[in-house]
Amino acid sequence: GRQGRLLATDVHRDKTKALATLLSDAFYTVRVHDATDPVTEAAFDRVLLDAPCTGLGVIRRHPEIRWRRSPADIESRVILQTQLLHNAALAVSPGGVLVYSACSDAPEEGPELVAPFLAQHPEFALEAAAEFCERRIAAGTTAAMVFGSAFPHAQDALFTETRRRGL
């Protein structure tokens, strides 16, 4: 059976309402929360930050993104993503796992964002990508920048990186 609980948050009320309808038992808690404020009432063994990003990795499905994004958009998203990542780290229990994910192939929203985080948070260590990704990811890598071939018939991209907090 299931153990523990799942807390899902989003800053948008309509998204949390839709999610609460899908996850309608005591195992799940869904609520509106602005993640620029840290979750402080509990520590979690697993934290997933699906960061708001430019969406540059999903241009195939949303070609309008190409004309709606500018370098300033990347800069403003990176500022927000950095704050959210630091706050997500505060919610991870010792020995817990933090997964950062962004549907962008912009280096600023992936490896260039994660490197300073790790320098500022030495209590986190990168996990091997093979521990959390399908075999399409090369053995020995720590980050997964996944392109087209991992998504059949697609040219989408996703950056994800997992780190474990020390005890």
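**Fold and burial in the predicted model**

Of the 167 residues of the protein, 36% count as buried. The structure is a predicted model. The protein exposes about 10,100 Å². Carbon and sulfur atoms supply 55% of that area.

The protein contains 4 helices and 7 strands. Along the sequence these elements follow the order β-α-β-β-α-α-β-α-β-β-β. Contacts with a separation of 6 or more were examined next. Within that set, residues 24 or more positions apart account for 65%.

Helix α3 covers residues 71-90 and has 20 residues. From its first C-alpha to its last, helix α3 reaches 29 Å. This is close to the 28 Å expected at 1.5 Å a residue. The buried residues of α3 begin with Ile-74 and Gln-81. Leu-84, Leu-85, His-86, Asn-87, Ala-88 and Ala-89 complete the list. The buried residues of α3 thus include Gln-81, His-86 and Asn-87 as well as Leu-84 and Leu-85.

Strand β4 spans residues 92-102, and Val-92 lies in this strand. Val-92 counts as buried because its relative accessibility is 2%, and the cut-off for buried is under 20%. Residues up to four places away in sequence were left out of the contact list for Val-92. With that exclusion, Val-92 touches Ala-43, Phe-44 and Val-47. Val-97 and Leu-98 are also among its contacts. Phe-124 and Arg-165 complete the set. Arg-164 lies 72 residues from Val-92 along the chain. The C-alpha atoms of Val-92 and Arg-164 are separated by 8.8 Å.

Technical notes:
Residues numbered from 1 in each chain as written. Predicted model: local features only at pLDDT ≥ 70, side-chain atom pairs only at ≥ 80, totals over all residues. Heavy atoms only, no water. Helix = DSSP H or I, 4+ residues; strand = E, 2+ residues; numbered from the N terminus. Buried < 20%, exposed > 50% of the residue type's maximum accessible area, 1.4 Å probe, protein only. Contact = heavy atoms within 4.5 Å. Areas by Shrake-Rupley, 256 points an atom, 1.4 Å probe, with all protein chains shown as cover. Expected span 1.5 Å × (residues − 1).
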